[in-house]
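Subject: Handing over the structure

Hello,

Here is the structure I promised to pass on. My notes follow beneath, so you can read them with the model open.

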Amino acid sequence: MIIWLNGGFGAGKTTLAGELHRRLPEAVVFDPEELGITLWRWVPRNEDFQDLASWRELVVHTALALRRHHAEVLIVPMALVRDDYREEILGELAAAGEEILHVFLDLDLAVQRDRLLSRAPEGEVPPGAEEWAFSRLEPDAAARQPEGTLILRSDRLGPGELADQVLAALPG
C-alpha cells in the first residue's frame, strides 16, 4: 500500500506523514523532494524539479523499490499540483500493481497563506521562495482530484484526527 499525501504547500502533509509513521512504525516515509534536490546537484537547476521528466521517473521507481523491498506501507508526503504529473506518477504506480490511497489535504486559502508565512523565521527563507510558493496556491485544487481521492480538511482537523481518517480508509 502506498499512502500518497497530496495538497498545497502548508496543508500539513509532512505533519500528517509523521503522525501516520508514529502509528505505523514499520512503514517507510519517502519524501520525493529529496530526489528533486539531488537532481539539481547533477542537472541544470530549473524553476520546479517536478518539471523534470527524470524526477517523475525516479519518483515512481524509487517508490516501487522502497515499497517492494523495505515496507508493506509507504507514506509519501508530496504535493502534486499539476494534474498531469499526478496522473502520470500515480498512474504508473497503479499500473505496476501498487494499491494507492490518494489523500488530498484541503484548507482555506487564508489559513494556507498564514501557515506559509509562519514556516521559517524572517531572513531564513531563500529570496523568492515565498512568492514561488504563493504562485502555486490553487483554491480549486480539491475539486480537480480524481475519483476515489480521500479529501480531508486540514484546517478543521488536527494531525491525530487526520491520521484517524486516513487509517480508517485503508483497505482490510
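Strand β4 is largely enclosed by the rest of the structure, because 6 of its 7 residues are buried. Please keep in mind throughout that this is a predicted model.

β4 covers residues 100–106 and is joined to strand β1, residues 2–7, by 6 bridges. The two strands run parallel. Two pairs will help you find the register: I2 has I100 as its bridge partner in β4, and W4 stands opposite H102. β4 is also joined to β5, this time by 4 bridges, and here too the strands run parallel. On that side, L105 stands opposite L152 of β5.

Now to the sheet as a whole. It is an open sheet of 5 strands with parallel pairing, and the order across it is β2-β3-β1-β4-β5. Which strands stand at the edges? They are β2 (28–29) and β5 (150–153); each has a single partner strand, so one side of each is left without a neighbour in the sheet. As a reminder of what holds such an arrangement together, strands of a sheet pair through backbone hydrogen bonds, either parallel or antiparallel.

For the overall count, the protein has 7 helices and 5 strands. Read from the N terminus, the elements follow the pattern β-α-β-α-α-β-α-β-α-α-β-α. Of the 172 residues, 41% count as buried. If you take the contacts with a separation of 6 or more, 77% of them are between residues 24 or more positions apart.

Two helices are worth viewing against the sheet. Helix α3, residues 53–70, lies across β1, β2 and β3 (74–77), and runs at about 150° to β3. Helix α7, residues 159–169, lies across β1, β4 and β5, and its angle to β5 is about 165°.

α3 also packs against other helices, and I looked at two of these contacts.

The first is with α2 (residues 33–42): the two helices pack at an angle of about 135°, with their axes 10 Å apart. α2 and α3 are therefore oblique to each other, and their crossing is right-handed. On the α2 side the contact is made by L35, G36 and L39, and on the α3 side by S54, W55, L58, V59 and T62. By class, that contact has 5 nonpolar and 3 polar residues, with no charged ones.

The second is with α4 (residues 83–95), where the axes come within 10 Å and cross at roughly 30°. That angle is under 35 degrees, and α3 and α4 are therefore roughly parallel to each other. α3 passes α4 in a right-handed crossing. α3 contributes W55, R56, V59, V60, A63 and L64 to the contact, while α4 contributes Y85, E88, I89, E92 and L93. These residues divide into 8 nonpolar and 3 charged, with no polar ones.

A63 deserves a closer look. Is this residue of helix α3 buried or exposed? A63 has a relative accessible area of 0%, and because the cut-off for buried is under 20%, A63 counts as buried. Apart from its neighbours within four places in sequence, A63 is in contact with F30, L74 and L93. Its C-alpha atom is separated by 8.4 Å from that of V76, which is 13 residues apart from A63 along the chain.

A94, in helix α4, is another residue to look up. A94 is partly exposed, with a relative accessible area of 43%. The C-alpha atoms of A94 and I2 are separated by 9.7 Å, although the two residues are 92 residues apart along the chain. I2 is the residue whose bridge partner in β4 is I100, so you may already have it on screen.

If you open just one view to begin with, I would start from β4 with its parallel partners β1 and β5, and then bring in α3 with the helices α2 and α4.

Happy viewing, and best wishes

Key
Residues are numbered from 1 along each chain as its sequence is written. This is a predicted model: local features need pLDDT of at least 70, side-chain atom pairs count only at pLDDT 80 or more; totals for chains, interfaces and linings use all residues. Side-chain values use heavy atoms; hydrogens and water are left out. Two strands pair if DSSP finds at least two bridges between them. Contact means heavy atoms within 4.5 Å. Axes are lines fitted to C-alpha atoms, for helices over the stretch in contact, and angles run from 0 to 180 degrees between N-to-C directions. Angles under 35 degrees count as roughly parallel, over 145 as roughly antiparallel, 65 to 115 as roughly perpendicular and the rest as oblique. A crossing is left-handed if the near helix is turned anticlockwise from the far one by less than a right angle, and right-handed if clockwise. Ala, Val, Leu, Ile, Met, Phe, Trp, Tyr, Cys and Pro count as nonpolar, Asp, Glu, Lys and Arg as charged, and the others, Gly among them, as polar. Buried means under 20% relative accessible area, exposed over 50%, partly exposed in between (1.4 Å probe, protein chains only).
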